[in-house]
Amino acid sequence: MGFQTDAIHAGQQPDPTTGAVMMPIYQTSTYAMEELGKHKGYDYGRTINPTRVALEKNIAALEQGKHGLAFASGLAATTAVSMLLSAGDHVIVTNNVYGGTFRYFDKVMKRYGLTFSWVDTSDLAQVRAAVTPATKMIFVETPTNPMLNLTDLDGIAAIGKEHNLITVCDNTFMSPYFQRPLEFGIDLVLHSTTKYINGHSDVIGGIVVTRSDDLHTKLRFLQNAVGGVPGPMDCFFILRATKTLALRMRQHEIGAREVAKFLASHPKVQKVYYPGLPTHPHHGLAKKQMSGFGGMVSAELGSLEAGKRFARSVKLFALAESLGGVESLLCHPVSMTHGSVPMEERLKFGLTDGLVRFSVGCEDVEDIIADIKQALDKV
Ligand code: P1T
């Protein structure tokens, strides 16, 4: 089936009891057993929930995967994935990942004896050079948050296979509508469903999708054993939202292309980061592995003061963490989403005090551009 058909139908059929067309919210923590050792496939709400199962099947279909595992947040999904590892294991991670992912690996998992190499994974030679006998996983984010650097997924999957490593891609910025990492041989695709997949800025969630039966069995165990599962109501909201994912992504991209073009032509903007611009260093790779360029744009305004003035002056854009909702959001990564990344680390990949990040919403494009224009006038 096509993407939109799957988005609307995968994992769902009319409720057998009532015929309800929409998946019910099974708001229950437990299920009555028929007798000792006999139940209907549902025993306890942390272990399994029908609304969650529907969501997992739905997103698994959109990612062209076989199994989906839903979590209470994107970071809970990352946590479950990291629990596949043991003390002494080494992980290669994209140097510019979401600041919370950096914080989790650096401040939490390091204490449990994992080691990390922070690598510019857009350069496969650097990835190869970072592999050690202890390496067990390559964790990439592409495009990265907020620099929008791309990593070659084909190349990462090949290195992973050669060295028998688990490859993981955080696909939050593209959503499965524009990029499906499993199709390139990546083992696990991960999302903060809080972002484009839910798309309405009203749910925190995460998901992992895989084609591997083995990794699925291990992650299903961890999902239950560690316990970071989403509630049924949140699953219902996300399931409702995927029905319009394609429509929203197309509109996000229309807006983002215009925003990138406008910013690139503006004298007060020093640099624009958007994979859809022919000047982007990874534009060729973007065309190869993504079917669109997404709704995220970053821009260098030159100084913290310029960033502050701009952030103070936008009216339609809300100054807020998060991204991927239908409403436009502006973020100053250094003071917000990436506050936990040390200055010397972030400067290596160009994350300066003057960088602002646009999550271009689905409002009328003229209104979005007009807001950016009037705010730049005040810088
Ligand atoms: O917030 P949560 O649902 O736990 O997802 C974490 C996460 C994981 N991966 C990426 C690429 C992300 O961007 C995020 C969360 N990011 C933001 C809150 C932000 O504003 O960038």
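**A loop with two cis prolines, and a ligand between two domains**

P146 has its place in the loop that runs between strand 4 and helix 6, and in this predicted model the peptide bond leading from N145 to P146 is cis, with omega near 5°. P143 is found in the loop between strand 4 (135-141) and helix 6 (153-163) as well, and the peptide bond from T142 to P143 is also cis, with omega near -10°. Elsewhere in the chain, the loop between helix 2 (50-62) and strand 1 (67-71) holds Q64, a residue that is not a glycine and yet has a positive phi of about 55°. These features deserve a mention because most residues other than glycine have a negative phi, and most peptide bonds are trans.

From these loops the reader can turn to the ligand, which sits in the largest pocket. Both domain 1 (3-242) and domain 2 (246-377) contribute residues to the shell around the ligand, and therefore the ligand lies between them. The shell is made up of three nonpolar, nine polar and five charged residues, and of the 17 residues around the ligand, those that come nearest are D170, S192, T194, S322 and R357.

Some of the contacts can be followed atom by atom. In the side chain of T194, an N or O atom is 2.7 Å from an oxygen atom of the ligand, while a backbone N or O atom of S322 lies 2.7 Å from an oxygen atom of the ligand. In the case of K195, an N or O atom in the side chain is 3.3 Å from a nitrogen atom of the ligand. Taken alone, the ligand exposes 480 Å², and the protein buries 93% of that area.

Note on methods. Residues numbered from 1 in each chain as written. Predicted model: local features only at pLDDT ≥ 70, side-chain atom pairs only at ≥ 80, totals over all residues. Heavy atoms only, no water. Near = heavy atom within 4 Å. Polar contact = N/O pair within 3.5 Å; in protein donor to acceptor, adjacent residues only side chain to side chain. Areas by Shrake-Rupley, 256 points an atom, 1.4 Å probe, with all protein chains shown as cover. 1 Å grid on protein atoms, 1.4 Å probe; cavity = no way out; pocket = protein on both sides within 12 Å on 5 of 7 lines; lining within 4 Å. Sits in = over half its atoms within 2 Å of the grid points. Nonpolar A, V, L, I, M, F, W, Y, C, P; charged D, E, K, R; others polar. Domains from an automatic or database assignment. Helix = DSSP H or I, 4+ residues; strand = E, 2+ residues; numbered from the N terminus.
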